[in-house]
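Student: I would like a close look at one part of this protein, taken slowly and in order. Please start from a single side chain and work outwards.

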Amino acid sequence: MIAVGEKLPTEGLKTMGADGPEAVDMASKLAGKKVVIFSVPGAFTPTCSAKHLPGFVDKIDEIKAKGVDEVMCLAVNDAFVMGAWGKDQNVGDNVTMLADGSAAYTKALGLSLDLEAAGLGTRGQRFAIIADDGVVTHLAIEEPGAFEVSSAEAIIKAL
């Protein structure tokens with residue numbers, strides 16, 4: 001599992017572009033910047049849609065005032081789903097919606113979650129990372145079913 005002081009992986013993510021899914025150049029997104037990446041088990045799911053993503057959208061000014069260059073939402077969903085969810089949640093340019101369709105990025109972090117018994121396949125755990133220049137400076141992983149340490153409010157306190 002990724003730990004504080006380690007570099008984030010830079011390959012395997014997509015976002016929804018004007019003409020369809022596009023590869024994300026994470027190396028450029030991370031280089032010389034402070035970012036927050038938060039992960040949700042799935043787009044359009046109850047806690048993710050009612051609390052997690054909306055919290056970051058609502059608190060974006062407060063987060064950026066703490067020196068954060070970009071906030072990104074990661075989920076093991078395809079770029080089409082992440083794009084549609086971003087539109088549904090009115091994220092605009094406030095949160096970058098990152099699609100990890102095959103869970104490769106989440107697995108590289110060591111933060112995948114087996115939800116096959118629930119019919120959801122492999123997903124990502126609920127977590128949040130603060131990184132400076134691609135290096136993890138804060139890692140908050142939720143206990144199963146919890147929503148506390150990875151919320152926008154908790155990340156603002158950690159910044």
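Which residues does F38 touch, not counting residues up to four places away in sequence?

Tutor: The model is a predicted one. In it, F38 touches H52, L53, F56, V71, M72, C73, L74, V95, F127 and A128, with residues up to four places away in sequence left out of the list.

F38 belongs to the largest nonpolar core, a set of 26 residues. Along with F38, the residues that have the most contacts inside this core are L53, F56, V71, C73, W85 and V95. The elements giving two or more residues to the core are β3 (34-40), α2 (46-58), α3 (60-65), β4 (70-75), α4 (79-88), β5 (96-99), β8 (127-132) and α6 (152-158). Of these, α2 gives the most, with 4 residues. Apart from this core lies another, of 18 residues, which includes L13, L111, F127 and A131. F127 is thus in the list of residues that F38 touches and is also a member of that other core.

Next comes the strand that supplies V71, M72, C73 and L74. In β4, 6 of the 6 residues are buried, so the strand is largely enclosed by the rest of the structure. Both of its faces are covered: E70, M72 and L74 are buried on one side, and V71, C73 and A75 are buried on the other. As for its partners, β4 runs parallel to β3, to which 6 bridges join it. One of the pairings here is S39 with L74 of β4. β4 also runs parallel to β5, and 4 bridges join these two strands. On this side M72 has T96 of β5 as its bridge partner.

The helix α4 comes in with the same pair of strands: β4, α4 and β5 make a right-handed β-α-β unit. In α4, the buried residues are A79, M82, G83, W85 and G86. Seen down the helix axis, they fall within an arc of 165°, so they line one face of α4. F80 and K87, on the other side of the helix, are exposed. The cover over the buried residues of α4 includes β1 (14-17), β2 (20-23), β3, α2, β4 and β5. W85, one of those buried residues, is also among the residues with the most contacts inside the largest core.

The two ends of α4 can be described in turn. At its start, a side-chain oxygen of D78 reaches to within 2.9 Å of the backbone nitrogen of F80. D78 can also be placed relative to S102, a residue in the loop between β5 and α5 (104-109). S102 and D78 are 24 residues apart in sequence, and their C-alpha atoms are 8.1 Å apart in space. With 57% relative accessibility, S102 counts as exposed, since the cut-off is over 50%. After α4 comes N90, in the loop between α4 and β5. Its phi is near 55°, a positive value in a residue other than glycine. N90 counts as exposed, at 62% relative accessibility.

α2 can be followed through S49, which sits in that helix. S49 counts as buried because its relative accessibility is 18% and the cut-off is under 20%. Leaving out residues up to four places away in sequence, S49 touches F44, P54, W85 and Q89. The contact with W85 leads back to α4, where W85 is buried. F44 lies in the loop between β3 and α2. Like N90, F44 is a residue other than glycine with a positive phi, here near 65°. F44 counts as partly exposed, at 44% relative accessibility.

The last residue to place is S150, in the loop between β9 (135-141) and α6. At 0% relative accessibility, S150 counts as buried. Apart from neighbours within four places in sequence, S150 is in contact with H52, F56, R126, F127, A128, A140, E142 and I155. Of these, H52, F56, F127 and A128 are also touched by F38, which brings the account back to its starting point.

Technical notes: Residues numbered from 1 in each chain as written. Predicted model: local features only at pLDDT ≥ 70, side-chain atom pairs only at ≥ 80, totals over all residues. Heavy atoms only, no water. Core = buried A, V, L, I, M, F, W, Y, C linked by side-chain atoms within 4.5 Å. Buried < 20%, exposed > 50% of the residue type's maximum accessible area, 1.4 Å probe, protein only. Contact = heavy atoms within 4.5 Å. Arc of directions from axis to C-beta. Polar contact = N/O pair within 3.5 Å; in protein donor to acceptor, adjacent residues only side chain to side chain. Pairing = 2+ DSSP bridges. Right-handed = clockwise from strand over helix to strand, strands pointing away.
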